[in-house]
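The following exercises concern burial, packing and charge pairing in a single model. Please work through each task before reading its solution.

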Amino acid sequence: MLFTRRDFLRATAATAILTGAGTVSLGRTAYGQSRMMTQDDLLRFEPKGQVTLLHVTDMHAQLKPVFFREPSVNLGVGQVAGKPPHVVGPEFLKMFDIARGTPECYALTYVDFVDLARQYGKLGGVDRLATLIKAIRAERPENTLFLDGGDTWQGSYTSYHTKGEDMVKVMNALTTDAMTAHWEFTYGQDRVQELIDQMDFPFLAGNVIDATWEEAVFDSTKMFERGGVKIAVIGQAFPYTPIANPGYMIPDWSFGIRPELVQEHIDNARANGAEVVVLLSHNGFDVDRKLAGMVDGLDVLLTGHTHDALPRAIDVDGTLLIASGSHGKFLSRLDLDVKNGKVADYTYRLIPVFSDVITPDPDMAKLVDEVRAPFAAEIDRVVGTTDSLLYRRGNFNGTFDDLICQALLEERDAEIALSPGFRWGTTLLPGQEITVDDIHSMTSITYPEAYRSQMTGETLKAILEDVADNIFNPDPFYQQGGDMVRVGGMGYTIDVDKPMGSRISNMTMLKTGEPVDPSKEYTVAGWASVNEGTEGPPIWDVVTNYVEKHKTVELAPNDSIQVRS
């Protein structure tokens with residue numbers, strides 16, 4: 001009789017108990033080292049109060065369970081240096097009292113990732129998520145709200161080819177109560193409105209304004225009643241959408257953080273009887289941490305965009321800041337006890353969606369199969385194999401991005417390659433086959449053209465400096481999220497604590513060892529340009545052709561970037 005991964009998970013101790021106020025978790029201390037981990041263990045939660053908030057964010061259209069490696073580098077600057085979420089690996093384990101080798105270590109860090117991934121298997125899958133949500137709703141039918149933080153409609157082969165409709169069907173089936181957005185806008189204004197018309201729940205984005213009339217484009221707030229408590233959910237879309245993504249796709253809409261407007265929405269909600277006010281945000285963690293300290297009357301801030309997963313709620317001046325990870329790996333549950341119109345107490349749990357111990361919901365599994373069926377032959381087509389761990393997440397480089405850069409250099413006959421520092425994209429273990437679906441999980445956007453152009457060394461430095469300031473500006477309101485642009489064919493040094501224009505130095509051509517000449521032109525290939533009219537083959541074809549030619553991917557360690565902090 002084979003000992004399956006499911007058997008292993010059930011026979012393995014769960015994670016170390018988290019001792020933070022109001023937080024619960026799986027734990028060796030709770031169950032003992034021989035305790036079997038089951039679906040019931042993942043759902044174990046002592047209900048509190050009248051309100052249960054469930055939150056997912058940054059799913060990036062991942063319908064099936066995935067591997068997703070958390071970052072080994074996530075630097076914070078200024079006042080947030082060394083604070084969550086800018087703590088990784090062993091330091092993260094120590095901060096949150098998590099034992100090495102446990103399921104929680106695997107779900108929340110990169111430590112021993114390959115070995116633990118082979119033991120514990122994939123996470124996520126909307127059919128498993130449906131099982132958890134239905135179970136919690138059955139327990140708390142009059143108390144539960146399920147909220148989606150956005151970046152839901154983009155990131156897969158099927159979402160690209162259905163223009164987001166696959167995810168609208170799925171989120172309708174999950175009986176979502178409200179959502180906000182970011183990558184959703186890259187389908188363009190008309191398509192966004194078409195998909196909103198198909199939704200069974202509100203699309204909230206109170207910080208999006210008509211650029212001509214200065215009027216609200218979308219609803220800002222939805223009032224709910226749960227457990228006899230009036231709850232206001234305010235939506236906050238990604239404030240830098242027209243900068244980080246092509247502005248020409250949404251020419252009539254203006255975005256921004258707009259703290260004064262957030263305060264206005266909070267005040268209006270309170271005036272209309274809200275006892276609990278929730279901001280469903282896609283600002284990014286550090287932006288939301290600053291925003292929470294600027295507004296009054298906000299009880300809960302469900303953050304998104306930066307893909308951070310934290311097993312405790314962070315209290316910012318009385319606002320509970322919740323970070324629920326990405327790619328369907330986690331479901332957050334926050335129970336609130338409300339007394340005299342105020343949150344008096346809470347209990348929180350970040351539930352890892354271990355696919356091998358959760359029974360798939362049959363109705364959702366059927367819907368996923370139906371969504372994928374028209375594309376199954378191409379989705380499942382194997383184009384090669386990897387001998388290396390392929391991942392994206394991390395401030396400076398990910399191995400899948402290294403693969404994309406190598407493909408750009410070779411397929412586009414370039415000296416230097418640039419690949420955007422997107423945080424979305426799943427992970428492949430050494431020995432796994434590479435499918436078309438896998439490549440699309442890293443590349444599937446609506447502006448995929450792989451350009452080839454001439455750039456001077458001076459221009460290249462300006463690009464690196466600009467992106468670095470978007471990430472490492474000490475004022476979170478000047479950060480746009482994402483990670484550093486990935487570079488192929490060239491190395492450099494970065495000092496993250498220096499001011500704008502002074503962070504990048506020692507730019508060097510890797511092939512020759514020569515310094516990059518500011519006045520010399522270099523042939524550069526890249527993709528995901530925000531400029532209208534960019535020409536070139538879609539990046540997924542570039543990568544697919546490269547992998548098919550090489551058959552097996554094996555990447556040397558990338559030490560071309562020297563980091564000072």
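Two residues are in contact when they have heavy atoms within 4.5 Å of each other. The model is predicted: local features need pLDDT of at least 70, side-chain atom pairs count only at pLDDT 80 or more, and totals for chains, interfaces and linings use all residues. Residues are numbered from 1 along each chain as its sequence is written, and side-chain values use heavy atoms, with hydrogens and water left out.

**Exercise 1. Determine where Ala309 lies and which residues Ala309 is in contact with, leaving aside its neighbours within four places in sequence.**

Step 1. Helices (H or I, at least four residues) and strands (E, at least two) are DSSP runs, numbered from the N terminus. On this basis Ala309 belongs to the loop between β9 (300-303) and β10 (314-316).

Step 2. Relative accessible area sets three classes: buried under 20%, exposed over 50% and partly exposed in between (1.4 Å probe, protein chains only). Ala309 counts as buried because its relative accessibility is 8%.

Step 3. Beyond its neighbours within four places in sequence, Ala309 is in contact with Phe92, Leu108, Ala323, Gly325, Phe330 and Leu350. For Gly325, the separation from Ala309 is 16 residues in sequence and 4.0 Å in space, C-alpha to C-alpha.

**Exercise 2. Establish how the buried residues of helix α10 are arranged around its axis.**

Step 1. Helix α10 (residues 189-198) has Gln189, Arg191, Val192, Leu195 and Ile196 as its buried residues.

Step 2. These residues lie on the same side of α10, because they cover an arc of only 165° around the axis; the arc is that of the directions from the helix axis to the C-beta atoms.

Step 3. An α-helix has 3.6 residues a turn, so residues three or four places apart point the same way.

Step 4. Asp190 and Asp197 are exposed, on the face of α10 turned away from its buried side. The cover over the buried residues includes α9 (165-173) and β7 (253-254).

**Exercise 3. Identify the residues with the most contacts inside the largest nonpolar core.**

Step 1. A nonpolar core is a set of buried Ala, Val, Leu, Ile, Met, Phe, Trp, Tyr and Cys residues joined through side-chain atoms within 4.5 Å.

Step 2. The largest such core has 118 residues, and Trp153, Phe185, Phe203 and Leu336 have the most contacts inside it. Helix α7 (residues 126-139) gives the most to this core, namely 6 residues.

Step 3. A second, separate core has 36 residues, including Ala528, Ile539, Val542 and Tyr546.

Step 4. Phe203 is in contact with residues beyond four places in sequence, among them Trp153, Phe185, Val192 and Ile196. Val192 and Ile196 are also among the buried residues of α10.

**Exercise 4. Decide what the nearest side chain of opposite charge to Asp151 is.**

Step 1. Asp151 is placed in the loop between β2 (144-148) and α8 (157-161).

Step 2. Lys and Arg count as positive and Asp and Glu as negative, whereas His and the chain ends are not counted. A salt bridge requires a side-chain nitrogen of Lys or Arg within 4 Å of a carboxyl oxygen of Asp or Glu.

Step 3. Asp151 is buried and has no salt bridge; Arg423, the nearest side chain of opposite charge, is 9.0 Å away. Among the contacts of Asp151 beyond four places in sequence are His60, His182, His282 and His305.

**Exercise 5. Characterise the salt bridges that Asp308, Arg381 and Lys549 form.**

Step 1. The salt-bridge count comes to 30.

Step 2. Asp308 pairs with Arg393, the closest N and O atoms being 3.8 Å apart. The pair links the loop between β9 and β10 with the loop between β14 (382-386) and α16 (399-411), 85 residues apart. Asp308 is buried at 9% relative accessibility, as is Arg393 at 2%.

Step 3. Arg381 pairs with Glu548, with the closest N and O atoms 2.8 Å apart. Arg381 is in the loop between α15 (376-379) and β14, and Glu548 is in helix α19 (residues 539-550), 167 residues apart. Arg381 is partly exposed at 31%, and Glu548 is partly exposed at 33%.

Step 4. Lys549 pairs with Glu411 at 3.1 Å between the closest N and O atoms. Lys549 lies in helix α19 and Glu411 in helix α16, so this pair ties together parts 138 residues apart in sequence. Lys549 is exposed at 56% relative accessibility, whereas Glu411 is partly exposed at 22%.
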